[in-house]
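Reader: Please walk me through this model. I want the reasoning behind each label.

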Amino acid sequence: MKISTMNERILSFPSGFLWGAATSPTQVEGHLENEWTNFTAIDGGNCRIACDSYHRYSEDVEWLSQLGLNAYRFGIEWSRLQSAPFAALNQNELARNVDLLDRLRTAGITPMVVLHHFSDPPWINAAGGWTNAATIPAFVDYVGKLVTALKDRVFIWNTFNEPDTYACVAYLLGGFPPQRKWKLGQFRKVVGHMARAHAQASRIIRREGLAGRKPQVGIAKNWTFFHAYKNFSLWDRAPAFVCHYTFNKFVLDAFLGGWRRRASTFIGLNYYGRVRFHHFRAMIPASGTPIKAIKDFGFVCDDMVERYPEGMEKILAYLRRKFRLPIYITEHGSASADENFRERDLKQNLAALHRSIQAGADVRGFFYWSLMDNFEWQFGYTKNVRKYNGSSATNPPRPFKP
Ligand code: BGC
């Protein structure tokens, strides 16, 4: 496939390269029962209907086709498939997924299935979620049953989406349910338990998932660059170092360090950009820093983080050197109502990706985030992130009516 860039240079990508878009169940499906059902985002939105993909998934497949894509990364919601630990899979829900997968196959679209994307069944959450080690065997049991049921339709499995973001926003920043703050011990537990679950699920996928094509398995790691605004300032460097250590190094080591590297056949990379610190303050809209202050520093941000296309090359080179595993860009995109901004950002990042492949990076696909505008977790539908300071999200319990 060929892509034309800013200066209208045509870039060729390897044949067989996957060009896709991505979504997640809670953000698009609606009508689900998990910890987000009763969660009210800062703009008053909730996920109860979202994009109604639960009913309209056949239209989603048509959109993918119309866009000329040959891949779709989407999640299967655990809470729909099992009503209790170790229970049999819900056959109606399974049939819905089979229908979606068959439609994708007919349209020539390769599925990448995500097994965990920031949500769990109520009975898992009631028992402490991923802070509880008992979640590991329950998840592995679910994965085993699902893989057995879908193995002749799916061969790329993404176990966990951004364990770092999930553990951080739920247990350090208080933005995701259960909205805990500064629970570093719980953050580390969640990451550790997910890493163990990944290794065990991976063993099953690689053993059971064989249906003609060799199964592929990996996590999607969100990589954010954390940099100091001024390198000589301790107040800028210290938070950048702590964040890099906690969210990049610790998490990569947990999932891919030592023997654990063998538990992945690929690395999924979610890459959006960077965060620069000035006097302990993260200079990005998502952390509540006023847009004017960010502009005064000359930083180019979307509604969430600073754009840093050259970072795409840097992180791909780093991952290649360190792990020597194939890579999928499992998410990239920008949050902005400005179409020109989004197009420019996409072209700059694709050009950087192309340079990386030319330089030898083994990148097998690119999934744009997202196929459609959706429920952006604690920010809701309007991403009015300036109001967000990590404490304003409310979560009043309300009865759920599908
Ligand atoms: C997540 C998505 C989210 C996107 C944009 C990623 O961290 O996987 O669920 O919508 O970033 O913020």
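Author: The shell around the ligand divides into five nonpolar, four polar and three charged residues. This is a predicted model: local features need pLDDT of at least 70, side-chain atom pairs count only at pLDDT 80 or more, and totals for chains, interfaces and linings use all residues. Residues are numbered from 1 along each chain as its sequence is written, and side-chain values use heavy atoms, with hydrogens and water left out.

Reader: What makes a residue of the shell nonpolar, polar or charged?

Author: Ala, Val, Leu, Ile, Met, Phe, Trp, Tyr, Cys and Pro count as nonpolar. Asp, Glu, Lys and Arg count as charged, and the others, Gly among them, as polar.

Reader: Which residues surround the ligand?

Author: Among them are Gln 27, His 117, Asn 161, Tyr 272 and Met 304. The cut-off for being near is a heavy atom within 4 Å.

Reader: What puts Glu 376 in polar contact with the ligand?

Author: A polar contact is a pair of N or O atoms within 3.5 Å; within protein, one must be able to donate a hydrogen and the other to accept it, and residues adjacent in sequence count only if both atoms are side-chain atoms. A polar side-chain atom of Glu 376 lies 2.5 Å from a ligand oxygen, so the pair qualifies. For Glu 331 the distance from a ligand oxygen to a side-chain N or O atom is 2.8 Å.

Reader: Why is α2 called roughly parallel to α4?

Author: Their axes cross at roughly 10 degrees. Angles under 35 degrees count as roughly parallel, so α2 gets that label with α4.

Conventions
Axes fitted to C-alpha atoms, helices over the stretch in contact; angles between N-to-C directions. Helix = DSSP H or I, 4+ residues; strand = E, 2+ residues; numbered from the N terminus. Parallel < 35°, antiparallel > 145°, perpendicular 65-115°, else oblique.
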